[in-house]
Amino acid sequence: MGVTCVSQMPVAEGKSVQQTVELLTRKLEMLGAEKQGTFCVDCETYHTASSTLGSQGQAGKLMYVMHNSEYPLSCFALFENGPCLIADTNFDVLMVKLKGFFQSAKASKIETRGTRYQYCDFLVKVGTVTMGPSARGISVEVEYGPCVVPSDCWSLLLEFLQSFLGSHTPGAPAVFGNRHDAVYGPADTVVQYMELFNKIRKQQQVTEKRKPNQ
């Protein structure tokens, strides 16, 4: 597990999500990257059950339950503005038993799937983000394997990202700022995916609000 950057790639003008994904993967293959199987990251949102909020008009809290195919035996639970819990896959069963406290938000599942590419010490994953049956965006994850301290390798990661993302190269992930010289771990990648998924959800809400006025 190395230092990882997760970002959103905008859909190319005049292209579909799938066509933009194909353009990106073609660039990677031209650089010499080789396919290394597939990947999937998914997220389901839960909110605190109304029965637990009392009568004070208290706002409910959100919890995101996530899975990453790189860690098939683990489940990640991220609390809104709180810690990330790493548990085994039985956590999904526990959530069913906790339905009196946490309820699954309606139509909340979002995931990204795609192909893994290896290029020298870099592992690249380009995925199609879907909500239900529809493609909503593109995720790009780049991991630099030999390093586990973000501040030691961000400039190298940035240079590689620029080689195939060009003007769409992202800035340093917010999670890097929280880590300083600490060791990067799997939870940091999952936090980045949670932020990406929430960003895409908001973009979708804005799009849907505009539709009636068109």
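R113 has T128 as its bridge partner, and T128 sits in β8. That pair belongs to a longer match: β7, residues 110-119, and β8 are antiparallel, with ten bridges between them. Keep in mind that this is a predicted model.

How do β7 and β8 connect? They form a hairpin with two residues between the strands. C120 lies in that turn, and its phi is positive, about 50 degrees.

Now stay with T128 and look towards β9. There the bridge partner of T128 is I138. β8 and β9 also run antiparallel, joined by ten bridges. This is another hairpin with two residues between the strands, and here G132 takes a positive phi, near 65 degrees.

Next, the surroundings of β8. How many of its ten residues are buried? Ten of the ten are, so β8 is largely enclosed by the rest of the structure. In a regular strand, side chains alternate between the two faces of the sheet. For β8, one side carries F122, V124, V126, T128 and T130, and the other carries L123, K125, G127, V129 and M131. Both faces are covered, and every residue I just listed is buried.

That brings us to the cores. In soluble globular proteins, nonpolar side chains tend to be buried together. The largest nonpolar core here has 27 residues, and the members that touch the most others are L24, L28, V124, V142 and F164. Several elements give two or more residues to this core, namely β1 (3-9), α1 (17-31), β8 (122-131), β9 (134-144), α3 (150-165) and α4 (174-179). Which of them gives the largest share? That is α3, with seven residues.

Take L24 as an example. Apart from neighbours within four places in sequence, L24 is in contact with M9, V126, I138, V140, F164 and L165. I138 is the residue we met as the partner of T128.

There is also a second, separate core, with 18 residues, including L78, I110, V129 and F197.

Last, strands β3, β4 and β5. β3, residues 62-68, pairs with β4, residues 74-79, in the antiparallel sense over four bridges. M63 stands opposite F79 in β4. The hairpin of β3 and β4 has five residues between the strands. β4 then runs antiparallel to β5, residues 84-88, with five bridges joining them. One pair there is C75 with A87 in β5. The hairpin of β4 and β5 has four residues between its strands, and N81 in the turn has a positive phi of about 55 degrees.

How values were computed: Residues are numbered from 1 along each chain as its sequence is written. This is a predicted model: local features need pLDDT of at least 70, side-chain atom pairs count only at pLDDT 80 or more; totals for chains, interfaces and linings use all residues. Side-chain values use heavy atoms; hydrogens and water are left out. A nonpolar core is a set of buried Ala, Val, Leu, Ile, Met, Phe, Trp, Tyr and Cys residues joined through side-chain atoms within 4.5 Å. Buried means under 20% relative accessible area, exposed over 50%, partly exposed in between (1.4 Å probe, protein chains only). Contact means heavy atoms within 4.5 Å. Two strands pair if DSSP finds at least two bridges between them.
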